[in-house]
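Grab a coffee and open the model next to these exercises. Try each task by eye, then read through the solution.

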Amino acid sequence: MNQSEEQYTAEAIADPHVHLREIGWVMSDVVRDCYDGGSDVIGPQPNTNSPRITEQEVSWYINSAKTFVNPLKPMSFIPFVMLTECTTRAELEKCVATGIRDGKIYPYMRTTKSAHGVHCYSNMIPIVRWCGELGIKVHAHFEHPNSVHPNRDAEYLCLPIAEIFLESTKAIIVWEHGSDGRCVRAWKKFANDFPGRFYLTLTAHHLAWDEDSAFGDVRKKCKPPIKTDLDRLQLISLIGENHYWVMAGSDAAPHDVENKHAHKGKCSCGDYTAPFLHLLYAHALSHLFLTPRGIEIYINFTSRNARSLHKLPRSSRNVILVRKPFTIPPFYKVGDWTVEPPGVGEVLEFQIAK
Ligand SMILES: [Zn+2]
């Protein structure tokens, strides 16, 4: 290492939102990339081909993922069950008995593999209430399922739904991949009015890019869509306030190149950031590295806040970030897929010290 290269000690990222896809070599390589990208916790999302809606399906999925962990590269998992309008209390009780304490709500057809998503949120109130009673956290992809609402506003229009869940149940609500700066005031009010019951995850790609820099790059196409620079700056400013309820969550979502550059139909949504996740968060939040207090905020956001929410042990390793340019490569091999990451050819400010 060159004397002039600044370096910073961070922790491994606790990443509660990753798409491991189907059991097999793609899953295996995503687990590897998550480790190499700086994480030691993965929360695998349940929207696989056949969605994970029962305790049995989730346990099988998580146990399979564990078999792909390299013993030299330890990784913990947060099991997630999909919550649908048909979820029963008996199934949730089985989940709790085997240690599944996180459920995920998808909006019908607003994102990848959401055909089992929710049409009518009022049907979810009793299910969210059971989750509260049983100690299952309720994570939601908050984009309104009614297609009458424009894509740009679909997240914002979910604020009253989250509010109803908070008011009429005792469940912990986790708003996944917040992207709309207009929500910040309401999120703060939720966290203030319902202490310990409202949490927010933010992806690295929503912090690093805005819709203008994403325009024309199909590899950055994701749900919810990357929004304006003003939105991005509001999310970054929220992180700087060091709230215990704001945390990283990558939403790393691989797709084969054929599905991104589609010749028929629409491209698949999802940004594959796993292999350089720490670098992308550090790049987007590089101003935090100017002071020791800023570095502490960065560590809280990327590691400690999620560990305390999910009652996980402390970070299994330190990750040393070096201020040294890293060029996002043209593709990664993930199982038999060729996955093009967002920002191919762009230069990030950091590398992980080997
Ligand atoms: Zn996701």
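Before we start, one definition: two strands count as paired if DSSP finds at least two bridges between them. Also keep in mind that this is a predicted model.

**Exercise 1. Follow the parallel pairings from S6 to S10, and say how many bridges join each pair.**

Step 1. Begin at S6, which runs parallel to S7 and is joined to it by 4 bridges. To find the spot on screen, look for Gly103, whose bridge partner in S7 is Val138.

Step 2. Move on to strand S8 (residues 173-175), which is parallel to S7 with 3 bridges between them. Here His139 has Val174 of S8 as its bridge partner.

Step 3. S8 then pairs with S9, in the parallel sense and over 3 bridges. Ile173 and Phe198 are bridge partners here, with Phe198 sitting in S9.

Step 4. Finish at strand S10 (residues 246-248), parallel to S9 and joined to it by 3 bridges. Leu200 stands opposite Val246 of S10.

Step 5. Now check how the chain gets from strand to strand. S7, H5 and S8 form a right-handed β-α-β unit, and S8, helix H6 (residues 184-193) and S9 form a right-handed one as well.

**Exercise 2. Sort the side chains of S7 and S9 by the way they point, and decide whether they are buried or exposed.**

Step 1. Recall the general pattern: in a regular strand, side chains alternate between the two faces of the sheet.

Step 2. Apply that to S7. Lys137 and His139 go one way, Val138 and Ala140 go the other.

Step 3. Do the same for S9, where Phe198, Leu200 and Leu202 point one way and Tyr199 and Thr201 the other.

Step 4. Decide on burial, using the cut-off of 20 or more other C-beta atoms within 10 Å. The four S7 residues Lys137, Val138, His139 and Ala140 are all buried. Strand S9 (residues 198-202) has 5 of its 5 residues buried.

**Exercise 3. Which residues of H4 are buried, and what covers them?**

Step 1. Scan helix H4 (residues 125-134): Ile127, Val128, Trp130, Cys131 and Gly132 are buried.

Step 2. Look at what surrounds them. The cover includes the strands S5 (81-83), S6 (102-105) and S7 (137-140), along with the helices H3 (89-97) and H5 (159-168).

Step 3. Check what comes just after the helix: Gly135 has a positive phi of about 80°.

**Exercise 4. Work out the strand order of the two open three-stranded sheets, and explain what sets the edge strands apart.**

Step 1. Take the antiparallel sheet, whose 3 strands come in the order S1-S11-S14. Strands S1 (7-11) and S14 (347-352) are at its edges with a single partner strand each, so one side of each has no neighbour in the sheet. From one strand to the next, the twist averages 45°.

Step 2. Zoom in on S1 and strand S11 (residues 318-327), an antiparallel pair with 5 bridges. Ala10 stands opposite Val319 of S11. Helix H11 (residues 277-284) packs on this sheet, touching S1, S11 and S14, and its direction makes about 125° with that of S14.

Step 3. Turn to the parallel sheet, also open, with 3 strands in the order S2-S3-S4. Its edge strands, S2 (13-18) and S4 (76-77), each pair on one side only.

Step 4. Look closer at S2 and strand S3 (residues 39-44), which pair in parallel over 4 bridges, with Ile13 opposite Ser39 of S3. Helix H12 (residues 292-309) lies across S2 and S3, at about 70° to S2.

**Exercise 5. Why does Tyr332 count as partly exposed, and which residues is Tyr332 in contact with?**

Step 1. Locate Tyr332 in strand S12 (residues 332-334).

Step 2. Count neighbours. Tyr332 has 19 C-beta neighbours inside 10 Å, so it is classed as partly exposed; a buried residue needs 20 or more.

Step 3. List the contacts, skipping neighbours within four places in sequence: Asp33, Tyr272, Pro275, Val339 and Pro341.

Step 4. Compare sequence and space for Tyr332 and Asp29: the two are 303 residues apart in sequence, yet 9.6 Å apart from C-alpha to C-alpha.

Conventions:
Residues numbered from 1 in each chain as written. Axes fitted to C-alpha atoms, helices over the stretch in contact; angles between N-to-C directions. Contact = placed C-beta atoms within 7 Å. Buried ≥ 20, exposed ≤ 12 C-beta atoms within 10 Å, placed from the backbone. Right-handed = clockwise from strand over helix to strand, strands pointing away.
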